[in-house]
Amino acid sequence: MLLTGQPVEPQLEFVYYPGCSLQGVNWEYDASFRAVCHELGISLIELDGWTCCGGSSAHSIDPVLASRLARENLALAGKSGKVLVAPCPACYQNLRRGQGALPAANEKPQRAKHGVPPPRKLADSQAGQARSSRPGNSQPCLAHQGVEPTAKEAAGVGGECFAAPTTLVFHVNEFFHQPPVWNRLRQAIRRPLVGLKPVAYYGCLVSRVGATPGSREVEDPTHLEKLLELAGASVCPWAYKTDCCGGSLGLTRPAIVNDLVAQLVDEAIKAGANCLVTDCPLCFANLDGRQLDVLRKDRELRLLPVFYISEVLALALGLRGVATWLSRHCVDPFPLLESLGFSREDLGKQTESWQV
């Protein structure tokens, strides 16, 4: 089982699973997280040969495939013997599910302890034909070979791809709260963000996945608030921190997402916030990108900048070059930051070795 909440050994070297989202449209999340870790002297070793975790679609097409994708990535991470960090909540959820910490999607309750539904041939599914497009991954993983797992494999106890993984997996919030990481972060804060009044937005996924059953963190998570307070921000309490932003409905039902985003922004403003901070790439895409769509229909909407938690921490650490990431945002964050005393020179282009 996953050992969530257990302190990391102070080696300050971690295996990093960026996932497809952070390697694409959410590049600024990846870049800012790497930059913060670089500044703190933390080594992120990108998982060699990682493949897609299955995202939000594989489990709906073929739960066996989804579990195998996660287990193969966990098996790769297990070879390092190090803790795995996955910033994307969807990747984090799928990795935990592959580990058996969560029941497999569409699985009958009585089989939840196995983490994998009854085996069937993957060749019969469209997902079974998939191949990794990542450079260097010329060999298809076991999840793609159209083979039927044995009973032991289906139970997660046989074969490298199916062996019950013991790799410790952290989301970004858990990662920053590990004592060795937290202590370095606390000591490295050089520019407290006085005047930044954010609301912390977790979305509807990560807190329910990562929290210990029965924990307060399920319905009222506090990890983001603690990080923001450490950065010197004045966090505004609100009751919408775990409400859904619409998730992947942005492509199929954009009107629903627009309404949800408008409500979240409106409630954040009522709470006294001047920005929103999140740790989820899909939540960021909806909150940042959809505000302009809503504005076209409702001219009374006041826009709020949206930040990743890693971007906020980078500002508090006094890192140069954050404009490289912030210029990609749809809602312009520069007027707010300039009102807090950040000059264009402070936010200028980066030249550090962590440039991606």
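The sheet in this predicted model is an open one with three strands, in the order β5-β6-β7 and with parallel pairing. Its edge strands are β5 and β7 (306-308), each of which pairs on one side only. Ignoring direction, neighbouring strands here are turned by 30° against each other on average. Helix α14 packs on this sheet, where it touches β6 and β7, and the direction of α14 makes about 80° with that of β7.

Let's zoom in on β5, which covers residues 198-201. Its partner β6 (residues 275-278) runs parallel to it, and four bridges join the two. One of the residues to look for is P198, whose bridge partner in β6 is C275. As a rule, side chains in a regular strand alternate between the two faces of the sheet. So are the faces of β5 covered or not? Both are covered: P198 and A200 are buried on one side, and V199 and Y201 are buried on the other.

Now for the helices around it. Helix α10 (residues 223-230) has L224, E225, L227, L228 and L230 buried. What do those buried residues pack against? They meet β5 and β6 from the sheet, along with the helices α7 (172-176), α8 (179-188) and α14 (309-316). Just after α10 ends, G232 takes a positive phi of about 95°.

Helix α14 has another neighbour, α2 (residues 27-39): the two pack at an angle of about 40°, and their axes are 8 Å apart. That angle is why α2 and α14 count as oblique to each other. The crossing of α2 past α14 is left-handed. If you want to find the meeting place, look for E28, Y29, S32, F33 and V36 on the α2 side and S310, E311, L313 and A314 on the α14 side. In general, residues three or four places apart in an α-helix point the same way, because there are 3.6 residues a turn.

Last, the cysteines. How many disulfides does a search of the whole structure find? Zero. The sulfur of C280 has its closest cysteine sulfur in C283, but at 3.5 Å that is too far for a bond, since a disulfide needs the two sulfur atoms within 2.5 Å. Here is how two of the cysteines compare with the solvent side of things:

| Cysteine | Relative accessible area | Status |
|---|---|---|
| C280 | 9% | buried |
| C330 | 41% | partly exposed |

Definitions and conventions:
Residues numbered from 1 in each chain as written. Predicted model: local features only at pLDDT ≥ 70, side-chain atom pairs only at ≥ 80, totals over all residues. Heavy atoms only, no water. Buried < 20%, exposed > 50% of the residue type's maximum accessible area, 1.4 Å probe, protein only. Pairing = 2+ DSSP bridges. Contact = heavy atoms within 4.5 Å. Axes fitted to C-alpha atoms, helices over the stretch in contact; angles between N-to-C directions. Parallel < 35°, antiparallel > 145°, perpendicular 65-115°, else oblique. Left-handed = near helix turned anticlockwise from the far one by under 90°.
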